[in-house]
Amino acid sequence: MAKNRTFDEIEIGESATLSRALTINDLFVFAHASGNINPVHIPDIDWTGDGKKDDPIAPSMWVGALISAVLGNVLPGPGTVYRSQTFRFLDRVHLGDNLTVTATVTNKAADRRVDLDTRVTRSDGTVIAEGEAVVTAPDRRITFDAAELPGILIERHQHFDRLTELAARLPALPVAVASPDDPHSLGGALLGAREGLIVPILVGKTADIEAAAVEIGADLSGIEIIDVPREDAAAAMAVSLVHSGRARAVMKGHLHTDMLLKHVVKRDGGLRTGKRLSHCFVMDIPGRPSPVIISDAAINIAPDLLAKVDIVQNAIDLGRAIGMSEPKVGVLSAIETVNPAMPSSIDAAVLSKMAERGQITGGIVDGPLAMDNAIDVQAARTKGITSLVAGHADILIAPNLEAGNMLAKELTFIAHAEAAGLVIGASVPVILTSRADDERARLSSCVLALLYDYWQQNGAALTADTPLTGEAGQ
């Protein structure tokens with residue numbers, strides 16, 4: 001609650017302070033609110049033209065606006081109206097700088113006029129800005145509940161940015177691409193190569209691959225092509241490249257998913273591990289503090305309980321590979337209580353108990369949970385759910401493919417989430433690309449494959465502090 005000081009209560013010499021650190025979101029919000037899109041103030045922009053993203057500086061008026069926060073919230077507080085403000089900007093503010101904002105009363109006059117000395121300093125004592133404010137102070141008590149202020153959603157996808165930065169530390173992953181003979185699939189593979197994420201081995205009909213390259217204006221110099229005229233044979237060859245040690249991942253090109261997976265799961269010469277394959281969407285949802293994994297939305301149409309055990313375990317493994325130390329798994333149903341008439345609620349309860357007994361490892365599993373109380377703390381509290389997962393789910397397990405696919409698409413097209421996908425459960429990651437995927441989704445899927453491969457090879461997730469030596473450290 002914000003509470004003011006009336007004109008009669010204010011004394012000369014009294015002061016108030018607020019503290020604030022500059023964040024990336026502050027810069028985005030200010031740019032939109034003010035219309036000032038000077039690239040000097042926008043994150044992730046190379047405004048000097050040296051090929052590197054430059055460190056943004058805060059707009060001076062953002063710094064000045066912090067003074068209005070002291071005046072409007074504390075001294076005099078709610079009901080205060082500006083008359084004038086002067087500024088002298090003495091230094092610049094950078095991301096992460098901790099600022100202290102102070103307003104000190106220097107004079108009171110007729111018409112409820114209050115003069116204040118205003119100052120902004122960095123935590124090291126450097127004065128950033130100083131000036132004088134003149135305001136009209138309130139003449140009656142006013143309180144304001146900040147909870148009534150609507151929130152702002154910043155449409156920014158910071159989680160994939162972080163994962164991409166991590167993956168960039170690793171050497172490119174050799175990937176066998178099956179039948180990349182159309183512009184979309186070939187373009188996705190070449191994009192991953194240009195960004196240094198993968199080393200593609202193109203397996204398919206050479207003439208068609210080269211024709212697709214001409215169509216998108218791509219240069220195939222230095223890219224290995226293995227000429228295989230039929231799609232089925234190309235899928236088989238892509239899998240065999242893993243067995244020969246030449247590839248550590250497989251990517252779907254311009255062929256049906258079932259054709260590729262047929263060779264991945266075949267008993268002789270496939271990439272089976274004893275677990276069922278499942279698809280995971282990793283969703284970067286604006287406003288969420290961490291990525292959200294959804295499974296299964298692309299492979300298992302109506303999984304039974306045993307299939308769901310593998311689906312949950314696969315999702316946990318991927319979550320750990322991208323840095324979730326102990327993923328929280330919400331097994332979804334339409335309700336949060338067990339109802340024998342609703343099989344998904346029974347499966348959810350059994351999966352939760354199996355995790356407690358160590359039959360599913362590496363994460364915390366709870367269910368049944370409805371969508372609202374899986375991801376929203378207040379919804380869980382309202383329904384009286386006490387759980388380590390409720391309101392904090394990192395992974396959402398859908399009851400069937402239809403539900404999972406609709407959930408992923410709704411988050412993408414309504415909540416403006418970005419999605420990347422990977423098939424887990426084989427001996428190597430399998431990248432499934434879609435013609436509807438944009439460049440960001442294709443790159444992020446390559447990032448997932450690279451980080452999952454590292455986790456498979458090392459038994460731990462790559463972090464920004466993980467020491468890398470030899471080839472991986474280059």
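**Entry 1: P174**

I started with P174, which sits in strand β9, residues 173–178. I was working on a predicted model. Is P174 buried or exposed? I found it buried, with a relative accessible area of 19%. That counts as buried because the cut-off is under 20%. I then listed the contacts of P174, leaving out residues up to four places away in sequence. The list reads V199, R246, A247, R248 and A249. I also looked up V93, 81 residues from P174 along the chain. The C-alpha atoms of P174 and V93 are separated by 43 Å.

**Entry 2: the whole chain**

Next I stepped back to the protein chain. I noted 13 helices and 19 strands. The C-alpha trace spans about 90 × 60 × 40 Å along its principal axes. The chain has 474 residues, and buried ones make up 47% of them. I also looked up contacts with a separation of 6 or more. Residues 24 or more positions apart account for 69% of those contacts.

**Entry 3: nonpolar cores**

Nonpolar side chains tend to be buried together in soluble globular proteins. I looked for such groups here. The largest nonpolar core has 58 residues. Which of its residues touch the most other members? I wrote down I293, L318, I322, I360 and L451. Helix α13, residues 439–458, gives the most to this core, with nine residues.

I picked I360 and read off its contacts, again skipping residues up to four places away in sequence. I360 touches V309, V312, Q313, I316, L351, M354, A355 and V365. There is also a second, separate core of 27 residues. Its members include F7, L27, L75 and V114.

**Entry 4: D26**

I turned to D26, in helix α1, residues 24–34. D26 is buried, at a relative accessible area of 11%. Beyond residues up to four places away in sequence, D26 touches R20, A21 and W62.

**Entry 5: the largest pocket**

The largest pocket holds about 1000 Å³ of space. I counted off its lining: 38 residues. H279, F281, A298, L432 and S434 are the closest to its centre. Five elements give two or more residues each to this lining: α7 (257–265), β13 (278–284), α12 (401–413), β18 (418–424) and α13. Which element gives the most? It is α12, with five residues. By type, the lining divides into 16 nonpolar, twelve polar and ten charged residues.

**Entry 6: the cavity**

How many cavities of 30 Å³ or more does the structure hold? I found one. The largest cavity has about 30 Å³ of space. Its lining consists of K308, V331, L332, S344, D347, A348, I397, A398 and P399. Strand β15 (328–332) and helix α9 (343–356) each supply at least two of these residues. Helix α9 gives the most, with three. I sorted the lining by type: six nonpolar, one polar and two charged.

**Entry 7: cysteines**

I searched for disulfides and the count came to zero. Why is C280 not bonded to C446? The closest cysteine sulfur to that of C280 is in C446, 17 Å away, so the two are too far apart for a bond. A disulfide needs the two sulfur atoms within 2.5 Å. Both cysteines count as buried: C280 has 0% relative accessibility, and C446 has 1%.

**Entry 8: backbone oddities**

Most peptide bonds are trans, and most residues other than glycine have a negative phi. I went looking for exceptions.

A cis peptide bond joins S295 and D296, with omega about -5 degrees. D296 lies in the loop between β14 (292–295) and α8 (305–321). Another cis peptide bond joins G367 and P368, with omega about 5 degrees. P368 is in strand β16, residues 364–369.

Then I checked phi. D111 has a positive phi near 60 degrees, and D111 is not a glycine. R112 also has a positive phi, about 60 degrees, without being a glycine. D111 lies in the loop between β5 (98–109) and β6 (113–122). R112 has its place in the loop between β5 and β6 too. How accessible is each? D111 is exposed, with a relative accessible area of 63%. R112 counts as partly exposed, at 31%.

Note on methods. Residues numbered from 1 in each chain as written. Predicted model: local features only at pLDDT ≥ 70, side-chain atom pairs only at ≥ 80, totals over all residues. Heavy atoms only, no water. Helix = DSSP H or I, 4+ residues; strand = E, 2+ residues; numbered from the N terminus. Buried < 20%, exposed > 50% of the residue type's maximum accessible area, 1.4 Å probe, protein only. Contact = heavy atoms within 4.5 Å. 1 Å grid on protein atoms, 1.4 Å probe; cavity = no way out; pocket = protein on both sides within 12 Å on 5 of 7 lines; lining within 4 Å. Points joined across faces, edges and corners; volume = space filled by probe spheres on them. Nonpolar A, V, L, I, M, F, W, Y, C, P; charged D, E, K, R; others polar. Core = buried A, V, L, I, M, F, W, Y, C linked by side-chain atoms within 4.5 Å.
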